[in-house]
Amino acid sequence: MNGWKMAFFGTLTISIIILTLVGYIIVVQSLTIAHDNHSYYELKKDITILSKIISDSNVQKRRIIEMLVKNKLIDDENISGDTLFLNQSLLIFRNEQLLKITVHYD
């Protein structure tokens, strides 16, 4: 085999491998960005909801649940004991009063 044929096919093979890897990286990066944007949107939505709840001086569990159900933001499956699950946040209650708010990730 001539030297130019080996060089040509070697370069072609390496070019195809590099283009495949670059394409894979672009697809993975775009999926990651889409997931991050969705998570950011959900967290921003939770912060808006929580700011409305906290601005109300009555932060009892019953009142918060009523407000969230009224706005169709939660249903019964989002409530587990003293914990209330929003999109990216957890509201934790003790003695029917809001104890703390934490962020959880998928």
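How much area does the protein expose, and what share of it do carbon and sulfur atoms supply? The exposed area is about 8,000 Å², and carbon and sulfur atoms supply 62% of it. The model shown in these views is predicted.

**Figure 1. Overall view of the protein, with its 2 helices and 4 strands.** Along the sequence, the elements follow the pattern α-α-β-β-β-β. The C-alpha trace spans about 85 × 20 × 20 Å along its principal axes. The radius of gyration is 26 Å, whereas a compact globule of 106 residues would have one near 13 Å. Of the 106 residues, 20% count as buried. Among the contacts with a separation of 6 or more, 39% are accounted for by residues 24 or more positions apart.

**Figure 2. Charges of the protein, 11 positive and 11 negative.** The mean position of the positive charges and that of the negative charges are 5 Å apart.

**Figure 3. The largest nonpolar core, made up of 12 residues.** Its members are Ile49, Leu50, Ile53, Ile64, Ile65, Met67, Leu68, Ile74, Leu84, Leu86, Leu91 and Phe93. Helix H1 (3-55), helix H2 (61-70) and strand S3 (89-94) are the elements that give two or more residues to this core. The largest share, 4 residues, comes from H2.

**Figure 4. Close-up of Leu68, a member of the largest nonpolar core.** Neighbours within four places in sequence are left aside here. Leu68 is then in contact with Ile49, Ile53, Leu73, Ile74, Leu84 and Leu86. Of these partners, Ile49, Ile53, Ile74, Leu84 and Leu86 also belong to the core.

**Figure 5. Close-up of Ile64, a residue of helix H2.** Is Ile64 buried or exposed? Ile64 counts as buried because its relative accessibility is 1%, and the cut-off for buried is under 20%. Leaving aside neighbours within four places in sequence, Ile64 is in contact with Ile53, Val59, Leu84, Leu91, Phe93 and Leu98. Core members among these partners include Ile53, Leu84, Leu91 and Phe93. Ile53 and Leu84 are also among the contacts of Leu68.

**Figure 6. Ile64 and Lys44, two residues 20 apart in sequence.** From C-alpha to C-alpha, Ile64 and Lys44 are 18 Å apart in space. Ile64 lies in helix H2, and H2 covers residues 61-70.

Notes
Residues are numbered from 1 along each chain as its sequence is written. This is a predicted model: local features need pLDDT of at least 70, side-chain atom pairs count only at pLDDT 80 or more; totals for chains, interfaces and linings use all residues. Side-chain values use heavy atoms; hydrogens and water are left out. The radius of gyration is taken over C-alpha atoms; the globule rule is 2.2 Å times the number of residues to the power 0.38. Buried means under 20% relative accessible area, exposed over 50%, partly exposed in between (1.4 Å probe, protein chains only). Contact means heavy atoms within 4.5 Å. Accessible areas come from the Shrake-Rupley method with a 1.4 Å probe; for residues, only the protein chains shown count as cover. Lys and Arg count as positive and Asp and Glu as negative; His and the chain ends are not counted. The place of a charge is taken as NZ of Lys, CZ of Arg, CG of Asp or CD of Glu. A nonpolar core is a set of buried Ala, Val, Leu, Ile, Met, Phe, Trp, Tyr and Cys residues joined through side-chain atoms within 4.5 Å.
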